[in-house]
Amino acid sequence: MDFLGFLGKPLGAVMSWIYSLVPNYFVTIFLFTFVIRLILFPLNLKQQKGAMDRARLAPALERLQKKYANDRNKLMEKQQALYEKHGVSMTGGCLPMLLSMIVLFGVIAAIYAPLTNLSSPSMSEEIIGVAQYAIIGEGEGKLPENDLKGYYGELRLMTYAEANKEDILKELTTPSAGALQRAYPKADILNNTETYESYKAIFEKEMGDRSAEEVYNQLVEMKDQFSVMNGKFSLLEQPWNSKGFLGINWLWLIPLISGLTSFAVSYISLSYNKRSMPQDQPGQGCTNNMMLIYMPVFSTWIAFTVPGAVGVYWIFSNVLSVVQTVLMNKIYDPAKARAEAEAKYLERRRQKEEDKKRLARARQREEAQARKEEQERERQREESREMNKKKKKKGHNTGTSSAQAEDADAQDGQDAVTEPNSDEASED
């Protein structure tokens, strides 16, 4: 609670400022929740962008998981290289989420402590502690001490203030040792009279110029801010009372609406997650059921057992969460990023297949052309061989005819020499 109180101080200042403009606790809760969501929106938007970047890499990661299913070290190495290549952090969404959770605790402290954060002048923890001591005890209108511990101490104090008016005025005027011990738990007041007197003086300074009546009136005025239906019901009360189902009242609408809005938050979040991560993962079905069914049921049950004002805050927070989820998915849509990544991957695969087919066809054409050219060269070689054969054969035939011709010429030459001699002989 000290940690929550530390966070609640600055947020309580914002809440008090809103309350000074609109002096209505429920309008203040809604506007305050809206302002906090608005302040955290840049962080949540950054977280959403990180989710979109990771969704864009999801198809590639899934292919790596299939490829290296049996080699975890290699898988981690490849995943890290993929994230570094695209400038995506594996834990990029953690810091905004952590800061959001820290601020959320501060919001809880501011919402659940209206006396500390909204009262003007503000009530100190010591004054509240003394007033709480006045309503501790047994009997009607009294509460066990444990019921005042935790988040709802101030809300329960306002609930039982009117039933314990005289005791509260008495303790605030002249606090008992037990009341001071509750206000200053680190001091040993119960067993030391001097310490009691010392802290009694300190408490009187804490009260300042305010009287016990003025402090009590602050409690009552703040309590009236929680009244609904003309004061018939108070949102400081729990919807579930001692009568159980026989005690059904209008306050039951708060946990029911809280459960429905919690279901809406879970349903819309799961719908967007399913669009961006369509493949079922091991254990995902159980997780989805937890978010979609168990969390709304749990939220409804809790809202029955806490002051109605807390349930109202949850309703406002759930409604704003739905609006914020839809808006952020419009700005950075992980499902769209994943679909675009898958489309680009398929286009690259298609282009690669076309390139392979085109290369295969080119190779086929080259091989066919090479075969054709080889066949042409073979044909030409065959023709050349045939021509050589013919030439050789023709050359052989031509050689025989020439020899015969030469013999004939030689015979003719001899005849020519013989004939003149014959003439001369005749002449003789």
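Patches are made of residues with over 30% relative accessible area and no salt bridge, with like charges joined within 9 Å and nonpolar side chains (Val, Leu, Ile, Met, Phe, Trp, Tyr) within 5 Å. Lys and Arg count as positive, Asp and Glu as negative, while His and the chain ends are not counted. A charge is placed at NZ of Lys, CZ of Arg, CG of Asp or CD of Glu.

The model is predicted: local features need pLDDT of at least 70, side-chain atom pairs count only at pLDDT 80 or more, and totals for chains, interfaces and linings use all residues. Residues are numbered from 1 along each chain as its sequence is written, and side-chain values use heavy atoms, with hydrogens and water left out.

**Exercise 1. Find the residues of the negative surface patch and place Glu213.**

Step 1: Glu166, Asp209, Glu213 and Glu214 form the patch.

Step 2: Glu213 belongs to helix α11 (residues 212–224); helices (H or I, at least four residues) and strands (E, at least two) are DSSP runs, numbered from the N terminus.

Step 3: With a relative accessible area of 35%, Glu213 is partly exposed. The classes are buried under 20%, exposed over 50% and partly exposed in between (1.4 Å probe, protein chains only).

**Exercise 2. Work out which helix gives the largest share of the positive patch.**

Step 1: List the members, which are Arg63, Lys85, Lys344, Arg348, Arg349, Lys352 and Lys356.

Step 2: Helix α15 (residues 334–427) supplies the largest share, five residues. Arg348 is found in this helix.

**Exercise 3. Trace the salt bridges of Lys142 and Glu145.**

Step 1: Recall the criterion, a side-chain nitrogen of Lys or Arg within 4 Å of a carboxyl oxygen of Asp or Glu.

Step 2: Lys142 pairs with Asp167, with the closest N and O atoms 2.7 Å apart. Lys142 sits in the loop between α6 (125–133) and α7 (153–159) and Asp167 in helix α8 (residues 165–173), so the pair ties together parts that are 25 residues apart in sequence.

Step 3: Glu145 pairs with Arg182, the closest N and O atoms being 3.3 Å apart. This pair links distant parts of the chain, from the loop between α6 and α7 to helix α9 (residues 177–183), 37 residues apart.

**Exercise 4. Decide whether Gln324 is buried or exposed, and name what it touches.**

Step 1: Gln324 lies in helix α14 (residues 308–331).

Step 2: Its relative accessible area is 10%, so Gln324 is buried.

Step 3: Not counting residues up to four places away in sequence, Gln324 touches Arg37, Phe41 and Asn44, where contact means heavy atoms within 4.5 Å.

Note on methods:
Accessible areas come from the Shrake-Rupley method with a 1.4 Å probe; for residues, only the protein chains shown count as cover.
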